[in-house]
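Please look over the sequence and the model below before reading my comments. They are set out as numbered points for a reader who is new to such structures.

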Protein chains: 2
Amino acid sequence: MSTSQLSFKRLPMTLRLYDLAGAESNRRFSPYCWRIRLALAHKKLAVATIPWRFTEKAAIAASGQGLVPVLVDGDRWVADSWNIATYLEDTYPHAPSLFGGDTGRNLTRHYSSMADGLVSAIFPFIALDIFDRVAEEDRDYFRTTREKRIGMTLEDFVADRQAKLPAFRANLTPLRRTLMAQPFLAGDQPLYADYAVFGPFQWARCISPFALFEQGDPIRLWRDRLLDRFDGLARNAPAYDV
Amino acid sequence: MSTSQLSFKRLPMTLRLYDLAGAESNRRFSPYCWRIRLALAHKKLAVATIPWRFTEKAAIAASGQGLVPVLVDGDRWVADSWNIATYLEDTYPHAPSLFGGDTGRNLTRHYSSMADGLVSAIFPFIALDIFDRVAEEDRDYFRTTREKRIGMTLEDFVADRQAKLPAFRANLTPLRRTLMAQPFLAGDQPLYADYAVFGPFQWARCISPFALFEQGDPIRLWRDRLLDRFDGLARNAPAYDV
């Protein structure tokens, strides 16, 4: 049982978050869960994270689907990161806003979509590293579902990753230019737009030693600023120094 | 002399916009100018557009650089679409907002960067069509500068465009998903984020008969909603029905 579960038992009103874990229960690596971890910290909401593996579908069945993040708030079960973010904003309106108002919320939705696109763009670099680090009971599930999706073995998928790196970095030019013009996507301070886009990069560094960025890349510097937020919440998680 | 120049002469306080034109002076096709055309309409600001060709650097020298859009407001010359958009917002604060507040402005900047990325993504499909439609005096300039940038002839650059189309469309998945969830990037009504991303698609349809979208693509439907805005400002421009 993890510390966070213990604290949940001491504080039963605390929010609970089912959070994807690898072979080690403290290796949390879901890009979608990380968004919500930072969103909860932004709203100063205490949360007990529960390590969860891909195959533990029964544990989150009350959410009506089989993927994390799943937030449990009393008797409310909320799935899907965008749904959870808007749920938190609407349910805890007096906590610091994730969106900066209605227009901000509408403008933030596409950041969430973009971040989903980033997950697809990063996966060809880290797919096998994920396999190597998921829990023993998840290995068959992960390989089978992902190889069906990509139409080849994980090994073949990542074989030419070094050659793919320049195009990946070039495709990030718009993000890089924005982050050269302002410290965060939301301006001087981060909002959910930042956390949504940060998720895929935190996913990568938590599960893979492969270096996606060059030193000094403005995107990497922005990522590092987010690592430092909330007393180093994301930096202090088990991860690789890439 | 275009009608808009005549109206400028009748109304000397009207804003002026140097607007890229092709061989026909009413074929306006700059992705960056179109953003500003819609932004001006959004703010209900009258503008006299001045057809401008790539090689007419002298006409806009007062802006301190050689690219359009260039806005002239009395004795103020403003270049660069993002600069112009923020200039309009700050100078005409009582007109309808382009950003929906400070957070909206900050969140909009990346839409502008993304749209610049879209220009690069679309160029391999329409590069030769642009060459075929620029003014006679611009042809050498356009071919020379663009072929230097892409490292091959315009003809070679577009030769396999049909084969590139599926990947182009797949890369637009995040944008498509956002626009399946809400009618505009800014929500129920468009703001500058929409105009910025619309610009590259309007560029393409104004200068090229090549069909980037399938019928019924949610991105195309969103584009069409923007074509209808402001009494069909963008729809009524000379363009191809693609």
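The points below take up the model itself, the contact between two chains, and one pair of packed helices.

1. This is a predicted model, in which local features need pLDDT of at least 70 and side-chain atom pairs count only at pLDDT 80 or more, while totals for chains, interfaces and linings use all residues. Residues are numbered from 1 along each chain as its sequence is written, chains are lettered from A in the order in which they are written, and side-chain values use heavy atoms, with hydrogens and water left out.

2. Chain A and chain B each bring 24 residues to their contact (heavy atoms within 4.5 Å). The area buried between them is about 2000 Å², and carbon and sulfur atoms give 64% of that area; buried area is the accessible area (1.4 Å probe) that two parts lose on being put together, summed over both.

3. Between chain B and chain A there are 12 residue pairs in polar contact, both residues being at pLDDT 80 or more (a pair of N or O atoms within 3.5 Å; within protein, one must be able to donate a hydrogen and the other to accept it, and residues adjacent in sequence count only if both atoms are side-chain atoms). On the side of chain B that touches chain A, helix H4 (102-133) and helix H8 (173-181) of chain B are the elements that give two or more residues, and H4(B) gives the most, with 11 residues. Helices here are DSSP runs (H or I, at least four residues), numbered from the N terminus.

4. Within chain A, A:Pro31, A:Tyr32 and A:Arg35 of H2(A) meet A:Ser112, A:Ala115, A:Asp116 and A:Val119 of H4(A).
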